[in-house]
Amino acid sequence: MTKVQSSDKESMTAPPGARRRPSKTAGDGNGASNGNGGHGPGHPTGSKLALLTVTALGVVYGDIGTSPLYALRECFAGHYAIEVTPENIYGVLSLIFWALIIVITLKYIVFILRADNHGEGGILALTALATPLRRIAMSRQRWLVLLGVFGAALLYGDGVITPAISVLSAVEGLNVATSFFRPYVLPLTIVILIALFMVQRHGTARIGGLFGPIMLLWFGTLAVLGITHIVQDPAVLWAVNPWYGVHFFIANGWHGFLVLGTVFLVVTGGEALYADMGHFGPRPIRLAWFTYVLPALLLNYFGQGSLLLRNPAAAENSFYLMAPEWALYPLVILATCATIIASQALISGAFSLTMQAENLGFLPRMQIDHTSETAFGQIYIEFVNWTLMVACIAVVLIFRTSSNLAAAYGIAVTSTMVITTIIFSMVARNRWHWPLTRVVALTVFFLIVDVAFFGANLVKIPQGGWFPLAAALIIFVVMTTWKRGSWLVVTRERHMELTLDGLLQQIKQDEPVRTPGDAVFLSANAEGAPAALLANLRYNRVLHERVLLLTVQFEEVPYIDREQRINVEHLGEQVYRATFRYGFMEEPNVPRTLQRVKLPGEPFAPEDVPFFVNRTNVQATGLPGMALWRERLYTLMRRNAASAADFFCLPPNRVFEIGTTIEM
């Protein structure tokens, strides 16, 4: 075989909506951080760092930044409300303070952000750091992969509840001003949600620049509201003493433990924070947290506590009652904008998570539209968008108030946080080679906190916590069924395929008619002859003058460098084998990548070549492999999956599909 060099004339940038990454960082040599700090998009300084920090406010901290709307209120006026006494106020504030310090600051900001997979974060990227994730092949550490996939499935449940509870809690602020709006809270919430999902297909590039400044104003407002009440009772700041939290549990026992499930609402944005790391890198995220977000959140929570110390009746809606009467309507408008931004971050995160899962082989191919030529992460997936919209409206109609939603909120996020801690420990020990004592001590410490929050949220299952768990279970079954089914189909296809050596021998023996020009045959197996090519030889006895057998591979890293993207080999008989490699955050745009391929002889013109694709029809049978109901589910998903032509961005007028049938 002869290696054929590809052309570097074209700047093979990442697809629209994706950023380029270096193939290696100063970590372990495989593109992952060594645990001594994330790498992200370089190390910005000066005005660039300031701009990224402000922008991060709108994307990274939208979820956690809107928690003051309902978190403290639910502790004293929710389903597991505790009596509004000074001791309980100090105790709850102490728990909130240390939850933000331990869970967000220590766990996520200090440690989890170090686990960057070529700059990307999130549960699937973390799982890919812990163990190789291939599109088709089964992983050696299957239990770890299943754990990570279930964590990803749980995030979809979070993506349904977060927009609903955020927007609903903001609109409910109108009830504080007057009872006139009470009948219109639900309709107005639904209208806002519908409008939010309807604009997704246009992308958020135009309004994205407003996210940072609006959230800058939002966090500033949180701080100002908090300060105006703290100065009226500065003694509330003594709640930073952890003894108040301990005494709270001693005094309230089981009831106090249940309130811990409500306190968890203040840290629900932790996973979203980690998943959005790839947008900015860890440095702007950390800077925004320590200099602006954390102080603003703490000031607001303590300000609400000060208000409750002076007016226990304010527990009904302690956030909005902090504002003077003249500022109430502007505050509702600002809060609604903040919750829309928070919802947008979760929706965009669901799109990105779907693309990752699809490229790693856990979901069928879907039509992915890039809505911006320059902005990272600006993608749109129609099926995910409308499914999320219907689910969000459904939970609003089912639960009707943000308090009812708060009773269901938390179980999915706490479960994901436990999973994140476990997988992070595997990365720290096996990839970064941290000392065992350090890994065990850190893991046990974080798991004690995570499991405590998880246990406190278990009681929410009958009140509605079943919804995100049920949604996650359904998504988990879908993802694992697709992964297993795809592996079974590819395995059986390979048993039916001819080897490349066998193909070359057949060409020599049969001497088919060679028509002028080039042709590209897509193949899932780099070592086998594509079924479409074999069918063309068998029935048409014709072969193009030059044939390119193309295999697309997805790696467990987010991005692949240009130098590592293409590999082309000459097999003989004017047959070439090409392998295109993509990361799981990239769009596999085959025509664009083909522009860089150079073959000996006549110039290779990708804009003119026909593409031959095999479409495999799968039939569910009683053969060993999967349960019959899962095989039927797989065949249903396969029939509704986007075609290979759409997935690989092939021009429709030059694609020829040849069908084969496989029995599972």
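The following paragraphs lead the reader through selected features of this predicted model.

Residues are numbered from 1 along each chain as its sequence is written, and side-chain values use heavy atoms, with hydrogens and water left out. Because the model is predicted, local features need pLDDT of at least 70 and side-chain atom pairs count only at pLDDT 80 or more, whereas totals for chains, interfaces and linings use all residues.

Helix H1 offers a starting point; helices (H or I, at least four residues) and strands (E, at least two) are DSSP runs, numbered from the N terminus. H1 covers residues 46-59, 14 residues in all, and spans 20 Å from its first C-alpha to its last. This is close to the 20 Å expected at 1.5 Å a residue, the expected span being 1.5 Å times one less than the number of residues. Within H1, the residues Leu49, Leu52, Thr53, Ala56, Leu57, Gly58 and Val59 are buried. Here buried means under 20% relative accessible area, exposed over 50%, and partly exposed in between (1.4 Å probe, protein chains only).

The charged pairs come next. Side chains of opposite charge can pair when their charged atoms come close. The structure holds 9 salt bridges, each defined by a side-chain nitrogen of Lys or Arg within 4 Å of a carboxyl oxygen of Asp or Glu. Arg73, Glu74 and Glu172 are linked in a network of such bridges. Glu74 pairs with Arg73, their closest N and O atoms being 2.8 Å apart, and both residues are buried. Arg73 also meets the side chain of Glu172, at 3.7 Å from N to O. That second pair links distant parts of the chain: Arg73 belongs to helix H3 (residues 71-77), while Glu172 lies in the loop between helix H6 (142-171) and helix H7 (174-177), 99 residues apart. Glu172 counts as buried because its relative accessibility is 11%, and Arg73 counts as buried because its value is 5%.

A further salt bridge joins the side chains of Arg577 and Glu527, at 3.5 Å from N to O. Arg577 lies in strand E7 and Glu527 in the loop between strand E4 (513-522) and helix H21 (531-540), so the pair ties together parts that are 50 residues apart in sequence. Arg577 is buried, with a relative accessible area of 10%, whereas Glu527, at 52%, counts as exposed.

Aromatic contacts form another theme. The structure holds 24 aromatic pairs; rings of Phe, Tyr and Trp (its six-membered ring) pair if their centres lie within 6.5 Å, and planes under 30 degrees apart count as stacked, over 60 as edge-to-face and the rest as tilted. The pair of Phe111 and Trp434 is edge-to-face because the planes stand at 70 degrees, with the ring centres 6.4 Å apart. Phe111 is in helix H4 (residues 86-111) and Trp434 in the loop between helix H17 (411-431) and H18, 323 residues apart. Both Phe111 and Trp434 are buried. Phe445 and Phe446 form a tilted pair, 5.5 Å centre to centre with 50 degrees between the planes. Phe445 is partly exposed at 38% relative accessibility, but Phe446 is buried at 5%. These four residues, together with Phe424 and Trp432, form one aromatic cluster.

Trp434 also has a charged partner: Arg438 lies over the face of its ring, at 3.8 Å from the ring centre. For such a placement, NZ of Lys or CZ of Arg must be within 6 Å of the ring centre and within 35 degrees of the ring normal. Lys483 likewise lies over the face of Phe362, at 4.6 Å from the ring centre.

On the surface, Leu436, Val440, Val444 and Ile448 form a nonpolar patch with about 360 Å² of accessible area together. Ile448 is placed in helix H18 (residues 436-458) and is exposed, at 56% relative accessible area.

Two loop residues have a notable backbone angle. Gln574, in the loop between strand E6 (566-572) and strand E7 (575-582), has a phi near 60 degrees, a positive value in a residue other than glycine. Gln574 is partly exposed at 32%. Cys649 has a positive phi of about 60 degrees although it is not a glycine; Cys649 lies in the loop between helix H24 (644-647) and strand E9 (655-663).

How values were computed:
Patch = residues over 30% accessible without salt bridge, like charges linked within 9 Å, V, L, I, M, F, W, Y side chains within 5 Å. Areas by Shrake-Rupley, 256 points an atom, 1.4 Å probe, with all protein chains shown as cover.
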